[in-house]
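Me: I have a model open here and would like to talk it through before I plan around it. Can we start with the parts to be careful about?

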Amino acid sequence: MAGKGFTVNKNWDNPVEYPMPEGVRVPAELRIGNGPNPILVTPATVLAPMAGVTDTGFRRFIRHASTFTAEAAVASDEQAVAEVDATITNQQSGCGLLMTEFTSADGLSRMRESKRKRYLTFYDDEHPIGAQLFGSNAETLADAARIVEGTGFDTVDLNLGCPAKRVVGCNGGSGLLRDLPKIAEIFRTVRKAVTIPFTVKFRLGWNDSQIICVELARIAESEGLNALALHARTREQGYSGQARWEWIAAVKDAVKIPVIGNGDIRTPEDAAAMVARTHCDAVMIGRAAPANPWIFRQIAQYTATGRYELPTAQDRYHLIRAYFKMLLDDAAASQSLPRDARHGETAGKMKQFATWFTHGVPGGAKLRAAIYQARKGAEVLEQVDHFFQAQLTNPSDEPIEELTFPEDTLVCD
Ligand SMILES: Cc1cc2nc3c(=O)[nH]c(=O)nc-3n(C[C@H](O)[C@H](O)[C@H](O)COP(=O)(O)O)c2cc1C
């Protein structure tokens, strides 16, 4: 593992082409939790927790971008569309469950109420939503889980995958993968503390000689957890190499509680292929969401009709403009930070999103360069308007770049 952050062997750029499984699609529903009121995740798709990305603004943006209506479907099969429409329209989104960024349990228990509110902010239209915690002390995690439950989240999730040194350094995240008895103690203590569904997101193990995901899954089930999400890489892999879906299948074989598969889903075909190959109960998508915010809608279309729409340049313009406008409005409305800090933070978020999103835009490098020059959010929006208006009146024939991730965008998982 060299230098700052994790080296990425750009497998993201050389995706594996999975043979298209006949008839296998992402399930229409996932139930998390026992008893009379399980959390219904419809469809069975999850926005992965991403620190620095999946805050309330981005989560609502994705839920909005995923809205699916009958007209949008490449309607070739009325019956299939009607079925999907009946399923989706109620929930108005192709993204079944939203996850927060990870939050430190230690930090949460020490935080003043006002700051806690900021970290755990969510809106009614974000349900069902899960809050993710990290830490290594069972009692502190139990306290933090009670705060999450008291705040109204639908599920509480434990992070056992973050590879970042500062988290592993305090034995949190993937650092705990080397201590199964400790994990069992945490599971037991948090399970006793809350009644909402309790889930865990983890990796295969610390490294190739310590792959413990099947054992961990069995412990989680025996301690009363309600679902598992597996990012099928070891801590040592970071984001390099391919996600090893065969381990998702192995975990699925080992337990009865729902298993959510995660790692390298870039397209609706990948999502269906993961279900076909692993029999997982749901799919979780991370990096493809900011790069292609329509991914959840496309999965819903693909599930219904075997086809899906690709966004036009106009669609891309409208979407980036809508999101940036939302960020600016939120910044103007919020009082949580001094004005300049708010503007700085907003411009930072816009630039980060542009890093991912513009990779799908012809001439995206030019847009990125212009956006990086901008100091304030309003200037970023000006650059976007300027670029797309030129683009729409005189379409560029520049090739669409492959998606690459600058190392410092990868903080934790
Ligand atoms: C910028 C970034 C931040 C992340 N933060 C978290 C996090 O807070 N908690 C977590 O469990 N995983 C985190 N992850 C990992 C993702 O949730 C996901 O497991 C990983 O990206 C693999 O899925 P993908 O191939 O669909 O991106 C993060 C990933 C990225 C790229």
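**Confidence, strands and core**

Reply: Over residues 70-78 the pLDDT (the predictor's confidence in each residue, from 0 to 100) stays under 50, and for this stretch the model has 15 contacts (heavy atoms within 4.5 Å) beyond four places in sequence. This is a predicted model in which local features need pLDDT of at least 70 and side-chain atom pairs count only at pLDDT 80 or more, while totals for chains, interfaces and linings use all residues. Residues are numbered from 1 along each chain as its sequence is written, and side-chain values use heavy atoms, with hydrogens and water left out.

Me: What is the mean pLDDT of the protein?

Reply: The mean is 84, and 82% of the residues reach 70 or more. Over residues 1-15, however, the pLDDT is below 50, and this stretch has 34 contacts in the model beyond near neighbours in sequence.

Me: OK, strands now. How many residues of S5 are buried?

Reply: In strand S5, residues 129-134, 6 of the 6 residues are buried, so the strand is largely enclosed by the rest of the structure. Buried means under 20% relative accessible area, exposed over 50% and partly exposed in between, with a 1.4 Å probe and protein chains only; strands (E, at least two residues) and helices (H or I, at least four) are DSSP runs, numbered from the N terminus.

Me: And which way do they point from S5?

Reply: Ile129, Ala131 and Leu133 point one way, whereas Gly130, Gln132 and Phe134 point the other way. In a regular strand the side chains alternate between the two faces of the sheet.

Me: Which strands are joined to S5 by bridges?

Reply: Strand S4 (residues 97-104) is joined to S5 by 5 bridges and runs parallel to it, and 4 bridges join S5 to strand S6 (residues 155-160), also parallel; two strands pair if DSSP finds at least two bridges between them. Leu133 stands opposite Thr103 and also opposite Leu158 in S6.

Me: Switching to the core, which residues touch the most other members?

Reply: In the largest nonpolar core, of 112 residues, they are Leu160, Phe187, Val200, Leu216, Leu228 and Phe324. Such a core is a set of buried Ala, Val, Leu, Ile, Met, Phe, Trp, Tyr and Cys residues joined through side-chain atoms within 4.5 Å. Apart from it lies another core, of 5 residues, including Phe134 and Cys162.

Me: Last one: why is H12 largely enclosed?

Reply: Helix H12, residues 295-305, is largely enclosed by the rest of the structure because 10 of its 11 residues are buried, among them Arg297 and Tyr302. Just after H12, Gly306 takes a positive phi of about 80 degrees.
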